[in-house]
Amino acid sequence: MNENNYQIEISHLSFSYPGGNTALRDISLAVRPGEFVVVCGLSGCGKSTLLRMMKPGLQPRGELSGKVLLSGSEITDKPDEKTAAAVGFVMQDPEAQTVTDKVWHELAFSCESVGMPRGEIRRRVGEMACYFGLEELFERDTASLSGGQKQLLCLASAAVLHPELLLLDEPSSQLDPVAAQNFVDAVRRLNRDLGVTVIAAEHRLEELIPVCDRVIMLDNGEISADVPPSELAAALPEGHPMAAALTAAQRVFRAAGGKGCSPVSVREGRQNALCREYLSKRRQTADKTRGISRNAEPLVDVRELYAGWGRTSPDVLRGTSLRIFPGEIYAVIGGNGSGKSTLLKAIYGMIKPTGGRIKLRRGVNMAYLPQNPCMLFTMDAACEEAPAEQLERFGLTGLSGRDPLDLSGGERQKLALAKLLAEQPDILLLDEPTKGTDAASRREFAGMLRDITASGTAVLLVTHDTEFADSCADICGMLFNGEIINEAPPQEMFRQNYFFTTPMSRLSRGIAAKE
């Protein structure tokens, strides 16, 4: 019997992976039914490991001490039918969780695996498809979905079992700003309307912090803060790298000298007198360029490109045109399924265009980072994937002996980029390069891309991370309905956009003075 009425109770939990790498150190916490908890921290701090400890059958192999109780019963590594349904889990990588060929079958698979009657399966699948807006994708091949669409499908597949506890590992990492907010709204409805307990590990806090009840921050495998969201900013020591991950309202409040409880949402920030005063004095910066010459011969010249995923599927790209010049960082933004990844694959030669042309400068050397960096790894240790100087450049020297597949999502991204840069490419094609990385690492990565392009290497990246694009890109292109509908420097792009913009732009719109 669960006398304390805790959904999850963790007592003095420590865990080390084979080889001695300690991921969790003496973790103790309790979560009540119906709570919405966000777990945050720098890449590799133990967030994903902690979540896996709460899911029967997903605990990693290694040395474990302490206890994890689910509704008063200790979790084991062999789930029964009841516990499998009681705890839903959405992984960081949707590719690793998608197991069937069709969307409808993926929704039904979870129910089939616990022996649910056919009629009940049909009812639940139909209900969840409507709830998550998957009707138009219902007959689609799962392989044809974008990364973000797969993430939504994974959430629906977990929810179809009506779990008591929903564990989300980087749930919005592959979603565009609109889809991310819709995703969070759907999770919030599950939590608020159905009482589902939610524990989400996340780097992107802008959408989740305003709706959660509690934030737990991990530092090097230990809990360093367990506070209501409005107290998170005050709980961070001065200069802590997690300050970069705070919401825009929290960052402005902190910069303005605010103490104690802070506003967390854009609405609260715009209503806060201290924030408004600070923003009214903060002048919007003029667009700054690095003097990139767009009159030279481009490295890549894409003209009226048409491309898709086969004869039976309509083209995703329908008249896309863009040019990439030496030393330039070009960021493509747009909704899930708009064709951003397809564009990179067509340029790299993985997909054959059905129309238009892609002209490359003679002798150009391209390197491609896919959404799933594990596709690039072939060796058993990080030190075998990239040279020592590149590992040091990305702060991976201490992980050189680790299997790349045992690294955190952010660490895998860094290792993959370190491997690609060893090839000294003329142009880097990056598909969601900040996926799974913390805010401090994203800032560092933006500076690194600037350094890389200073020698003439160009970068074409597709991203949902508008703050990252704003911090590093020379030009942004918005992909919609199969073509680039607008090109502009990021500051101009995000001032004009209402949804595909940065949180800081939303917060300061109409308040910050213009130059």
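The legends below describe close-up views of a predicted model.

**View 1. A sheet of 6 strands with mixed pairing.**
The sheet is open, and its strands follow the order 15-16-17-13-18-19. Strand 15 (366-369) and strand 19 (483-488) are at the edges. Each of these two has a single partner strand, so one side of each is left without a neighbour in the sheet. On average, neighbouring strands are turned by 20° against each other, direction ignored.

**View 2. Strand 15 beside strand 16, with helix 15 across them.**
Strand 15 and strand 16 (residues 427-431) are paired in the parallel sense, over 4 bridges. Within this pair, Tyr-368 is placed opposite Leu-429 of strand 16. Helix 15 (residues 409-421) lies across both strand 15 and strand 16. The helix runs at about 170° to strand 15.

**View 3. Gln-413, a buried residue of helix 15.**
Helix 15 contains Gln-413. The relative accessibility of Gln-413 is 3%, under the 20% limit, and the residue therefore counts as buried. Not counting residues up to four places away in sequence, Gln-413 touches Leu-369, Gln-371 and Pro-373, and also Glu-432, Pro-433, Thr-434, Lys-435 and Thr-437. Among these contacts, Leu-369 falls in strand 15 (366-369).

**View 4. The largest cavity and its lining.**
The model has 2 cavities of 30 Å³ or more. The largest cavity holds about 140 Å³ of space. Its lining is made up of 13 residues, and the closest to the centre are Phe-394, Lys-414, Thr-437, Ser-441 and Phe-445. Helix 15 and helix 16 (439-453) are the elements that give two or more residues to this lining. Helix 16 gives the most, with 5 residues. By class, the lining of the largest cavity has 6 nonpolar, 3 polar and 4 charged residues.

**View 5. The second largest cavity and its lining.**
The volume of the second largest cavity is about 80 Å³. Its lining includes Glu-170, Ser-173, His-203 and Arg-204. Further along the chain, the lining residues are Glu-432, Thr-434, Lys-435, Gly-436, Thr-437, Arg-442, His-464 and Asp-465. The lining of the second largest cavity has no nonpolar residues, and it divides into 6 polar and 6 charged. Thr-437 is in this lining, and Thr-437 is also listed among the residues closest to the centre of the largest cavity. Glu-432, Thr-434, Lys-435 and Thr-437 line the second largest cavity, and Gln-413 of View 3 touches these four residues.

**View 6. Glu-202 in a loop between two strands.**
Glu-202 is placed in the loop between strand 8 (197-201) and strand 9 (214-219). With 1% relative accessibility, under the 20% limit, Glu-202 counts as buried. Leaving aside neighbours within four places in sequence, Glu-202 is in contact with Val-39, Cys-40, Lys-47, Glu-170, Pro-171, Ser-172, Ser-173 and Leu-208. Of these contacts, Glu-170 and Ser-173 also line the second largest cavity. Glu-202 and Ser-43 are 159 residues apart along the chain, and their C-alpha atoms are separated by 10.0 Å.

**View 7. An open sheet of 3 strands with antiparallel pairing.**
The strand order in this sheet is 12-11-14. Strand 12 (317-324) and strand 14 (355-360) are the edge strands, and each pairs on one side only. From one strand to the next, the twist averages 15°. Strand 11 (residues 300-307) and strand 12 run antiparallel and are joined by 6 bridges. Leu-305 has Thr-320 in strand 12 as its bridge partner. Helix 12 (residues 340-348) lies across strand 11, strand 12 and strand 14, and it runs at about 115° to strand 11.

**View 8. Strand 4 with strand 1 and strand 5.**
Strand 1 (residues 8-16) and strand 4 (residues 63-70) run antiparallel, joined by 7 bridges. Ile-10 is opposite Val-68 of strand 4. Strand 4 also pairs with strand 5 (residues 73-74), in the antiparallel sense and over 2 bridges. Here Leu-70 is opposite Ser-73 of strand 5. Strand 4 and strand 5 form a hairpin with 2 residues between the strands, where Ser-71 takes a positive phi near 50°.

Note on methods. Residues numbered from 1 in each chain as written. Predicted model: local features only at pLDDT ≥ 70, side-chain atom pairs only at ≥ 80, totals over all residues. Heavy atoms only, no water. Pairing = 2+ DSSP bridges. Axes fitted to C-alpha atoms, helices over the stretch in contact; angles between N-to-C directions. Contact = heavy atoms within 4.5 Å. 1 Å grid on protein atoms, 1.4 Å probe; cavity = no way out; pocket = protein on both sides within 12 Å on 5 of 7 lines; lining within 4 Å. Points joined across faces, edges and corners; volume = space filled by probe spheres on them. Nonpolar A, V, L, I, M, F, W, Y, C, P; charged D, E, K, R; others polar. Buried < 20%, exposed > 50% of the residue type's maximum accessible area, 1.4 Å probe, protein only.
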